[in-house]
Structures are given as C-alpha cells and as structure tokens.
Amino acid sequence: MYKNRNNGRNNICGKKISMLRLARVPKTSQRALADLLQLEGIDLNKNAVQRIESEKRFVTDIEIRIIAKIFKVTVDELLREDKLN
C-alpha cells in the first residue's frame, strides 16, 4: 500500500486553488466552483473541492487542467510551490 511521506498532504495545488477561488470577483463558493467543474465535465461536488483545498484529496491531471482553465492560469502556476504552504 502507498504511504504518503508528504506530511499528510495529498496535493500541492489545494492552497493555491483556494486563494484563486477567493480572489475572484465576486468570490466564488466551493459549491460554485464544483458547478463550474461539472459544466466542464469534471464530476466533483462541494465536498471534493473542500478536500482538495485542504490537501486531503489527490487531484488528477485532468482536474488540474480544467481548474487552470477556469481560473485562467497555467497548470504550472497551480503546481508551483511557493511560500503559500
């Protein structure tokens, strides 16, 4: 069985997704983000978004690509680790 040795983190983009979501004008709720993802064909609900943002859920490459599209950023920007974490 896989053991995560990343201090319990299951992704590196969750905090940045949360920051981008809250920076939108008007602010976007987790439910609204889930709705936008569903419109793009990614079947996530509000709880999945919450788990991504709290770094408790893995994020697939397809999900990251669509999230970047929604926020109009690059995938690299979502994956870049900086002083947010």
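Read along the sequence, this predicted model follows the pattern α-α-α-α-α. Display the whole chain as a cartoon: the protein contains 5 helices and 0 strands. Colouring by relative accessibility shows that buried residues make up 38% of the 85 residues. With a surface turned on, the accessible area comes to about 5800 Å², and 51% of that area belongs to carbon and sulfur atoms. Among contacts with a separation of 6 or more, 58% are accounted for by residues 24 or more positions apart.

**Stop 1: helix 1**

Select residues 14-23, which form helix 1. The buried residues here are Gly14, Lys16, Ile17, Ser18, Leu20 and Arg21. Their cover includes helix 2, helix 3, helix 4 and helix 5.

Next, show the side chain of arginine 21, in helix 1. Is this arginine buried or exposed? Arginine 21 counts as buried because its relative accessibility is 8%, and the cut-off for burial is under 20%. Leaving out residues up to four places away in sequence, arginine 21 touches Lys27, Thr28, Ser29, Gln30, Leu33, Glu53 and Phe71.

**Stop 2: the loop after helix 1**

Move on to proline 26, in the loop between helix 1 and helix 2. The bond to inspect is the peptide bond from valine 25 to proline 26, which is cis, with omega near -5 degrees.

**Stop 3: helix 2 against helix 3**

Select residues 30-39 for helix 2 and residues 46-53 for helix 3. The two helices pack at an angle of about 105 degrees, and their axes are 8 Å apart. Helix 2 is therefore roughly perpendicular to helix 3, since angles of 65 to 115 degrees fall in that class.

To see the contact itself, show Gln30, Arg31, Leu33, Ala34 and Leu37 on the helix 2 side, which meet Lys46, Val49, Gln50 and Glu53 on the helix 3 side. Sorted by class, this contact has 4 nonpolar, 2 polar and 3 charged residues.

Keep leucine 37 selected. Beyond its neighbours within four places in sequence, leucine 37 is in contact with Ile42, Leu44, Val49, Ile66, Ile67 and Ile70.

**Stop 4: the loop after helix 3**

Glutamate 55 is the next residue to select, in the loop between helix 3 and helix 4. Its phi is near 65 degrees, a positive value in a residue other than glycine. Glutamate 55 counts as buried because its relative accessibility is 8%.

**Stop 5: helix 4**

Select residues 61-71. The buried residues of helix 4 are Glu63, Ile64, Ile66, Ile67, Ala68, Ile70 and Phe71. They pack against helix 1, helix 2 and helix 5, the last of these spanning residues 75-79. For reading the spacing of such positions, an α-helix has 3.6 residues a turn, so residues three or four places apart point the same way.

Isoleucine 62 also has its place in helix 4. How exposed is isoleucine 62? Isoleucine 62 is classed as partly exposed because its relative accessible area is 45%, a value that falls between the 20% and 50% cut-offs. Draw a C-alpha to C-alpha distance from isoleucine 62 to isoleucine 42: the two are 20 residues apart in sequence and 8.4 Å apart in space.

**Stop 6: the loop after helix 4**

Lysine 72 follows helix 4 and lies in the loop between helix 4 and helix 5. Its phi is near 55 degrees, again a positive value in a residue other than glycine. Lysine 72 counts as exposed because its relative accessibility is 75%, where the cut-off is over 50%.

**Stop 7: the nonpolar core**

To finish, hide the earlier selections and turn to the largest nonpolar core, which has 20 residues. Show Ile17, Leu33, Leu37, Phe71 and Leu78 as spheres, since these are the residues with the most contacts inside the core. Helix 1, helix 2, helix 3 and helix 4 are the elements that give two or more residues to this core. Which helix gives the most? Helix 4 does, with 6 residues. As a general tendency, nonpolar side chains in soluble globular proteins are buried together.

Two of these core residues have appeared earlier on the tour: Phe71 is among the residues that arginine 21 touches, and Leu37 is one of the helix 2 residues that meet helix 3.

How values were computed
Residues numbered from 1 in each chain as written. Predicted model: local features only at pLDDT ≥ 70, side-chain atom pairs only at ≥ 80, totals over all residues. Heavy atoms only, no water. Buried < 20%, exposed > 50% of the residue type's maximum accessible area, 1.4 Å probe, protein only. Helix = DSSP H or I, 4+ residues; strand = E, 2+ residues; numbered from the N terminus. Contact = heavy atoms within 4.5 Å. Core = buried A, V, L, I, M, F, W, Y, C linked by side-chain atoms within 4.5 Å. Axes fitted to C-alpha atoms, helices over the stretch in contact; angles between N-to-C directions. Parallel < 35°, antiparallel > 145°, perpendicular 65-115°, else oblique. Nonpolar A, V, L, I, M, F, W, Y, C, P; charged D, E, K, R; others polar. Areas by Shrake-Rupley, 256 points an atom, 1.4 Å probe, with all protein chains shown as cover.
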